[in-house]
Amino acid sequence: MLLRLENVQKQYKDFCLNCSLQVEEGCITGIIGANGAGKSTTFNAILGLIETDGGMIEIFGKDSRKITVSDKQQIGVVLAESTFTDILTIQDILPVMEAMYPAFERENFLRKCGQYDLPLKKPIKDFSTGMKAKFKLLLAMSYGAKLLILDEPTSGLDAVVRSDLLDEMREYMKQDGRAILVSSHISTDLEGLCDDLYFIQNGEVLFHEDTDVILSDYAVLKVNDEQYRSMDKNYITYEMKEAFGYKLLTKEKQFYLDNYPGIVAEKGSIDEIMLMITKGGLLQ
């Protein structure tokens, strides 16, 4: 396991983080949630950018407070702000990367910059939003890091740029021994990328599941009042009252299709599940 958080806590005046999650080797793990849900606070805690109030963080099997410089060179990071001051150019940054990371792959990085038309002598402050996003991700992947920590890398970008970045993440994972923790409030970006997903709200993880299980086994059932009264609700987790009757979230889609052939069962997309968990009522 490359990363593990156990009851990591951070208290602010009007917000409290209490988060547990883990990232397995060979996996892309996603964190989904609205803006302000706690995704960035979680990432800052992992990277030691804020002091936590409790809990435990392990990176590469070690207490995060005891990881070495060599360990840190195995972590690639993309945060909202640029890693370097934006008056620098890519050309300026090359010798800095070579000094900081012995495994920096200069030629491969320059090849990727050429592939994405990133100018080497133009200040980063003059890059477009998409160019900055590509630059930050390529830089994070330029020295063979085992673990990528990516906080909202596709936020504010158009569909084409987002697709490019997702493809780069898939390419990165072709080498054994790597993992990615990536956050986003754009659930569709992560639906086809991640092996498993955490849904965080108000600082707490409300839902964790393998992505393929979500897409194959989950469903939102739409039933009228009569169907609702007569049906077996043992496999219903959340319900929401609607004008036509009820919307119900289940992990046992096939059970209801087999036993209630007239029922409407819609595929359980991430957005639908998030809506049911946030707006619906939890069945005991």
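In this predicted model, D63 is partly exposed, with a relative accessibility of 23%, and its side chain meets that of R65 in a salt bridge in which N and O are 2.8 Å apart. R65, by contrast, counts as exposed, because its relative accessibility is 72%, and the limit for that class is over 50%. The bridge between R65 and D63 belongs to a set of 17 salt bridges counted in the model. Side chains of opposite charge can pair in this way when their charged atoms come close.

A further salt bridge is formed by the side chains of E98 and R106, with an N to O distance of 3.4 Å. Here E98 is partly exposed at a relative accessible area of 39%, and R106 is likewise partly exposed, with a value of 31%. R162 and D189 also form a salt bridge, and their closest N and O atoms are 2.8 Å apart. Since R162 belongs to helix α6 (residues 159-172) and D189 to helix α7 (residues 187-191), this pair ties together parts that are 27 residues apart in sequence. Both R162 and D189 are buried, a term that stands for a relative accessible area under 20%. Salt bridges also link R4, E6 and E58 in a network.

The protein chain as a whole contains 11 helices and 15 strands, and of its 284 residues, 46% are buried. The C-alpha trace of the chain spans about 70 × 40 × 35 Å along its principal axes.

Five of the strands form an open sheet, in which they follow the order β14-β11-β13-β12-β15 with antiparallel pairing. The edges of this sheet are taken by β14 (264-267) and β15, and because each of these strands has a single partner, one side of each is left without a neighbour in the sheet. At one of these edges, β14 is joined by four bridges to strand β11 (residues 219-223), the two running antiparallel, and within this pairing A219 has K267 of β14 as its bridge partner. At the other edge, two bridges join β12 to strand β15 (residues 281-282), again in an antiparallel arrangement, and the bridge partner of Y238 in β15 is L282.

Strand β12 (residues 236-241) is also joined to strand β13 (residues 246-250), and this antiparallel pair is held by five bridges. In this pair, K241 stands opposite Y246 of β13. The two strands form a hairpin with four residues between them, and in this hairpin G245 takes a positive phi near 155°. For such strands it may be kept in mind that, when a strand is regular, its side chains alternate between the two faces of the sheet.

A positive phi also occurs at residues that are not glycine. One of them is D117, whose phi is about 55° and which is found in the loop between α4 (106-115) and α5. D117 counts as exposed, because its relative accessibility of 65% is over the 50% limit for that class. N202 likewise has a positive phi, of about 50°, although it is not a glycine, and its place is in the loop between β9 (196-201) and β10 (204-210). N202 is exposed as well, with a relative accessible area of 55%.

Helix α5 (residues 129-140), which follows the loop that holds D117, includes T129. This residue is exposed, at 53% relative accessibility. T129 and L157 are 28 residues apart along the chain, whereas their C-alpha atoms are separated by 7.1 Å.

With regard to surface charge, a negative patch is formed by D195, D210, D212, D217 and E252. Among these residues, D217 lies in helix α8 (residues 211-217) and is partly exposed, with a relative accessible area of 32%. This value is enough for D217 to take part in the patch, because residues are included when their relative accessible area is over 30% and they form no salt bridge.

Definitions and conventions:
Residues are numbered from 1 along each chain as its sequence is written. This is a predicted model: local features need pLDDT of at least 70, side-chain atom pairs count only at pLDDT 80 or more; totals for chains, interfaces and linings use all residues. Side-chain values use heavy atoms; hydrogens and water are left out. Patches are made of residues with over 30% relative accessible area and no salt bridge: like charges are joined within 9 Å, nonpolar side chains (Val, Leu, Ile, Met, Phe, Trp, Tyr) within 5 Å. Accessible areas come from the Shrake-Rupley method with a 1.4 Å probe; for residues, only the protein chains shown count as cover. A salt bridge is a side-chain nitrogen of Lys or Arg within 4 Å of a carboxyl oxygen of Asp or Glu. Lys and Arg count as positive and Asp and Glu as negative; His and the chain ends are not counted. The place of a charge is taken as NZ of Lys, CZ of Arg, CG of Asp or CD of Glu. Buried means under 20% relative accessible area, exposed over 50%, partly exposed in between (1.4 Å probe, protein chains only). Two strands pair if DSSP finds at least two bridges between them.
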